[in-house]
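The following report describes how the chains of one model meet and how selected elements are packed and paired.

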There are 4 protein chains.
Amino acid sequence: MSLSTAPELSVSRWFNVDGEPPTLASLRGKVVVLHAFQMLCPGCVTGGLPQAKRIATLFPDSDVAVIGIHTVFEHHDAMTDVSLAAFIHEYRLKFPIAVDQSGDNGPIPRTMAAYGMQGTPTLILIDRQGRVRRHAFGAEDDMRLGAEIAMLVVEPVK
Amino acid sequence: MSLSTAPELSVSRWFNVDGEPPTLASLRGKVVVLHAFQMLCPGCVTGGLPQAKRIATLFPDSDVAVIGIHTVFEHHDAMTDVSLAAFIHEYRLKFPIAVDQSGDNGPIPRTMAAYGMQGTPTLILIDRQGRVRRHAFGAEDDMRLGAEIAMLVVEPVK
Amino acid sequence: MSLSTAPELSVSRWFNVDGEPPTLASLRGKVVVLHAFQMLCPGCVTGGLPQAKRIATLFPDSDVAVIGIHTVFEHHDAMTDVSLAAFIHEYRLKFPIAVDQSGDNGPIPRTMAAYGMQGTPTLILIDRQGRVRRHAFGAEDDMRLGAEIAMLVVEPVK
Amino acid sequence: MSLSTAPELSVSRWFNVDGEPPTLASLRGKVVVLHAFQMLCPGCVTGGLPQAKRIATLFPDSDVAVIGIHTVFEHHDAMTDVSLAAFIHEYRLKFPIAVDQSGDNGPIPRTMAAYGMQGTPTLILIDRQGRVRRHAFGAEDDMRLGAEIAMLVVEPVK
């Protein structure tokens, strides 16, 4: 089986980024944990985002890049950039967060569509060669996730 | 000690109300649990609001009225009525929720000011005669709260 | 409906009692929370006993007496008084704990049989007149229990 | 730095073992998770043992061997093999559990002494070459532990 290269992110705005915003291409060599959320999604607020924070705390930046992406596909007027900025502040999210770019047709934003995400929270693990290795919709177990990320970190790049 | 009558609510808009909106005066004879929150306050989302839902489920409507009040005192642009409507939908809040009316001077809305609330979440227990009997800022213990509300329910009205 | 008087406890040994051991008769005028457990019952250790501790902490001794009763109906050799003493010490249980007296026939001890308990944990609420008002097998909700105990505390004795 | 070889276990009795009991020597090639506990230690019952079960569920037997060891250093009369057998049954522990052999002098059993354990719960990670790689007393984070075990699983044996 050949693994697919993760589609590049389509971003209308970044939060928590100083200087040049990251791209998946620029992160080659690191494991990327892409956490797709909506600020008014209860499963994201109580489960996915705290887990993303734990990942960012546990693994060093030099090995693992945690990227949040705000993939709004419903209640668009309720989850604007102004609201998201306050949300990021109040929930003390420190990792880079991208706003997924609106789609041309319909409510699904572009990165969400490119990855074929079914909803939020979605977790995507991208290996050091830029390939999607895991795509998970819904709640994930901490121990399993810790093991999976660690194995991607130590995996040799061919 | 004479107990003070709870100040009437200043409301710019109601959610989850069909027909005539409630007033504290119209609720005399019932215990009122007033839960003040902001939709982007983590302690409200993970603690206070789920607890308010449990109160509304446990005690019959005929004895206890649970009222939420959205007392926005920071990030006003981020917590508009449009955003609140989506929040109420996503978090499946079913009890009546009032939007606290903007203050004339400064960021503190009127009901919040009238009660001297220090922040969110704040829980106010109002007895069957309309008097404030408890004012609590922050996390509250379920068992203690169950006991306090029950005692107000069975307390004779003099 | 006439309520039944709670059967007196059959006790082979008390822990956490100085002086005269309590009887239900001697506790008339207080609400009694009788918590039946086995030291090797997971639902008791993680749920029932911590809840009994919270009850004992919340309600004053003058209103509510929390009594534990070790109703061993299986693995009798594994849950002797020696083991129970260490268990009480390690789990920092401070309320009075009775060892239920062995039955004449079969594994069910006497108090357990007299109350018709189905297993552990079982919670029995006894009102100030000594009558059983609630008999619950399994996990109980904190808020509901707080409300029920409070109502028994303030209920007039006829 | 040269890593020390993990001392062999001193065992007076095994539970959950059919046929030949395991030794650390016989487990070379696998990662061994050694979980030292006492059946009346609250931190073991509510934290350590459920975590050991999660490890045993997550990682395949062919990669990771989870071994419990009952290192009784206090209340010896309260935690006999009879009591432990019932405990293992009630808590549905399925992985092999060793009873640590009594020490010649004093209350500390032999394996506990050989490893210099400070108390329970203690977690020891042993790599595929039989060397101690982690020695942790107290609560451990699931994600971190998942990552550490995974890295030992994929580490090349030199």
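Two residues are taken to be in contact if their C-beta atoms, placed from the backbone, lie within 7 Å. Helices (H or I, at least four residues) and strands (E, at least two) are DSSP runs, numbered from the N terminus. This is a predicted model, in which local features need pLDDT of at least 70 and side-chain atom pairs count only at pLDDT 80 or more, while totals for chains, interfaces and linings use all residues. Residues are numbered from 1 along each chain as its sequence is written, and chains are lettered from A and ligands numbered from 1 in the order in which they are written.

**Contacts between chains**

Chain A and chain D touch through 12 residues of chain A and 12 residues of chain D. On the chain A side, α1 (42–58) and α4 (142–154) each supply at least two residues, and α4(A) gives the most, with 10 residues. For the classes in the table, Ala, Val, Leu, Ile, Met, Phe, Trp, Tyr, Cys and Pro count as nonpolar, Asp, Glu, Lys and Arg as charged, and the others, Gly among them, as polar. The contact between chain B and chain C likewise takes 12 residues from each of them, and on the side of chain B the elements giving two or more residues are α1 (42–58) and α4 (142–154), with α4(B) giving the most, 10 residues.

| Side | Nonpolar | Polar | Charged |
|---|---|---|---|
| Chain A, touching chain D | eight residues | one residue | three residues |
| Chain B, touching chain C | eight residues | one residue | three residues |

By contrast, no contact joins chain A and chain C, whose closest C-alpha atoms lie 21 Å apart, and none joins chain B and chain D, where the closest C-alpha atoms are also 21 Å apart.

**Helix α1 of chain C**

The 17 residues of helix α1 (residues 42–58) of chain C should span 24 Å at 1.5 Å a residue (the expected span being 1.5 Å times one less than the number of residues), and the end C-alpha atoms are 24 Å apart, which agrees. α1(C) nevertheless bends by about 35 degrees at Gly48(C), with Pro50(C) following within four residues; the bend is the angle between axes fitted to the seven residues ending there and the seven starting there.

A residue is buried if 20 or more other C-beta atoms lie within 10 Å of its own, exposed if 12 or fewer, and partly exposed in between. The buried residues of α1(C) include Cys44(C), Leu49(C), Ala52(C) and Ile55(C), and what covers the buried residues of this helix includes β2 (31–37), β3 (64–70) and α4 (142–154) of chain C together with α1 (42–58) of chain D.

**Strand β5 of chain A**

Five of the five residues of strand β5 (residues 122–126) of chain A are buried, so β5(A) is largely enclosed by the rest of the structure. Thr122(A), Ile124(A) and Ile126(A) point one way from the strand, and Leu123(A) and Leu125(A) the other way. Strands pair if DSSP finds at least two bridges between them. β5(A) pairs in the antiparallel sense with β2 (residues 31–37) of chain A over five bridges, Ala36(A) standing opposite Thr122(A). Five bridges also join β5(A) to the antiparallel strand β6 (residues 132–137) of chain A, where Ile126(A) stands opposite Val132(A). In the hairpin of β5(A) and β6(A), which has five residues between the strands, Gly130(A) takes a positive phi near 85 degrees.
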